[in-house]
Amino acid sequence: MDKPWLSRYPSDVPESINPDQYLSLVEMFEQSARQYADQPAFINMGSVMTYRKLEERSRAFAAYLQNELKLKKGDRVALMMPNLLQYPVALFGILRAGMIAVNVNPLYTPRELEHQLNDADVRAIVIVSNFANTLEQIVANTAVKHVVLTSLGQMLPRAKGTVVDFVVKYIKGMVPKYNLPGAISMRKALHKGRRLQYVKPFMSGEDIAFLQYTGGTTGVAKGAILTHRNMVANVLQAKGAYGPVLREGRELVVTALPLYHVFALTVNCLLFIEMGAQNLLITNPRDIPGFVKELQKHPFTAITGVNTLFNALVNNEDFRELDFSNMTLSVGGGMAVQRAVAEKWKKITGIHLLEGYGLTECSPLVTGNPYDLVDYSGAIGLPVPSTEARIVDEEGNVLPFDQTGELQVRGPQVMQGYWQRPEATREVIDQDGWLSTGDIVRFDELGMIYIVDRKKDMILVSGFNVYPNEIEDVVALNSKVLEVAAIGQSHEVSGEVVKVYVVKSDASLTKDEVIAHCRQHLTGYKVPKLVEFRDELPKSNVGKILRRVLREENEAQHAEQRKSA
């Protein structure tokens, strides 16, 4: 199989990596903890935790899990919290004890939480008190025996932490009442763990590190089985792609995406740990003014995020005044990076916003734009080292690279399968290890990959395929548009027509203006026939616009209109 992308690799990016360079994530972590012991590892709310402190605290937590809770290697332990210093302490404690980390979205409803805890057969959970009420409602219906409870301020210096917790609980009312008898505070768990013996279990690359659940936006959430080798491979693949512009032991990365999301977990937490970097944890990235104030305090060198986050930043006046002279890397993932946002970002920061692409099932990184990009490419980039890519048609036949079809990938970062779902696994991974991504793509002559869209999001207008990403990119070029999402609405003549939902940045924007703008850039059947203005668009926990929610709302509304007619 030809690999047309290799000729486009920058000269210092390797074609392949060694996924067995570290026996496990634990070995990788312990090496960094020794090498960078007295350097800051994580910063949150003005508090700094060094690599030495992270090593001590995570070892104490591992000892607590092993001795006090009597958990065994391979037991599942859930983590349910936003970006706090407690997260890496609990995470590396779980991994060092030989257990499997199960990341949980803190915004889950009781039903969603119950499904995930039962599906993974979770035995213990580390949770922030803000979400304890959700757990209380369903914990009796699960196999969870141990609850380790923390608060937003618990790992800050005591005086500051007390103030933070008082404000969060009593002033902002962000901690609903709960009753979890037998729960132990994380502070007490660490205190006990320091006096207990930690026994490092033998771990190989084939041991499971994470059950990382897919978003569940296409049905019931499934746990992707990610081994230590999968994760080590992806860390080294990311390092291969972007390492040439990063300096070991000298980087400060901004982590606004939640660490329970696999993108931030691998790229921000694990990659930058391996490189001895500092991680600036942003607990509430939706508070853009507060976020920018944090950025003013730290000479950051790298940042990752999703398009909506970058869009909010470039539209913030204080952000535009920041000092970007130290920044060498900015990466967007999770959703398409729009041209208008990427160009504003480059103009303000002087740094390209490099779009990457991945999926939970691939640990997650699959492709990334090369760091030496000259202009916005509109591509998801090149496969990262040791990754193969190909295009297939609906029957699974391999197509030439100049055609459009479904992207399949193969490499050491591809999951082992879905937890306890062999049939679902066989549907996406074939006997030769190729994973079907469900994304429609094309390659150019240099091997750059362009994502056309998700299969399920495609709009069919009079037999022509219309891809929402293209429509959204065009609408977003209008300076009066802040955010946009495109869906298909059923139509008795053409099958479907294009409908766009728009959030204005300028109140004077009209529907006719949106349609006229699209006519300048799109062929007739792609031009939206319907425009609806919204104050905001529905988003996932990481800020990805949820077209699915808009489709469901629109279908219900459309059905009502047909009834009344």
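**Chat: a proline loop, helix 2 and a pocket**

Author: Let's start with a loop in this predicted model: Pro-364 sits between strand 14 (353-358) and strand 15 (365-368).

Reader: OK, and is the peptide bond from Ser-363 to Pro-364 cis or trans?

Author: That bond is cis, and its omega is near 5°.

Reader: What about phi of Ser-363, positive or negative?

Author: Positive, near 75°, and Ser-363 is a residue other than glycine. Ser-363 has its place in that loop between strand 14 and strand 15 too.

Reader: Switching to helices. At what angle do helix 2 and helix 3 pack?

Author: About 55°, with the axes 7 Å apart. Helix 2 covers residues 51-68 and helix 3 covers 86-96. That angle makes helix 2 oblique to helix 3.

Reader: Is the crossing left-handed or right-handed?

Author: Helix 2 and helix 3 cross in a right-handed way.

Reader: Which residues meet there?

Author: From helix 2, they include Leu-54, Phe-61, Ala-62 and Leu-65. Across from them, helix 3 brings residues including Val-89, Phe-92 and Ile-94. By class, the contact has nine nonpolar, two polar and four charged residues.

Reader: And how does helix 2 pack with helix 7?

Author: Helix 7 is residues 186-193, and the angle there is about 85°, with the axes 7 Å apart.

Reader: Why call that pair roughly perpendicular?

Author: Because angles of 65 to 115 degrees count as roughly perpendicular, and helix 2 and helix 7 pack at about 85°.

Reader: Who makes that contact?

Author: On the helix 2 side, Arg-57, Ala-60, Phe-61, Ala-63, Tyr-64 and Glu-68; on the helix 7 side, Ala-189, Leu-190, Lys-192 and Gly-193. That gives six nonpolar, one polar and three charged residues. Phe-61 is also among the helix 2 residues that meet helix 3.

Reader: New topic, pockets. How much space lies in the second largest one?

Author: About 1500 Å³. It's lined by 47 residues, and the closest to its centre are Thr-283, Asn-284, Pro-285, Arg-286 and Asp-287.

Reader: Which elements give two or more residues to the lining?

Author: Helix 6 (158-171), helix 10 (288-297), helix 11 (307-314) and strand 24 (481-491). Helix 10 gives the most, with six residues.

Reader: I'm thinking about the chemistry of that lining. How do its residues divide?

Author: The lining of the second largest pocket has 25 nonpolar, twelve polar and ten charged residues.

Note on methods:
Residues numbered from 1 in each chain as written. Predicted model: local features only at pLDDT ≥ 70, side-chain atom pairs only at ≥ 80, totals over all residues. Heavy atoms only, no water. Axes fitted to C-alpha atoms, helices over the stretch in contact; angles between N-to-C directions. Helix = DSSP H or I, 4+ residues; strand = E, 2+ residues; numbered from the N terminus. Parallel < 35°, antiparallel > 145°, perpendicular 65-115°, else oblique. Left-handed = near helix turned anticlockwise from the far one by under 90°. Contact = heavy atoms within 4.5 Å. Nonpolar A, V, L, I, M, F, W, Y, C, P; charged D, E, K, R; others polar. 1 Å grid on protein atoms, 1.4 Å probe; cavity = no way out; pocket = protein on both sides within 12 Å on 5 of 7 lines; lining within 4 Å. Points joined across faces, edges and corners; volume = space filled by probe spheres on them.
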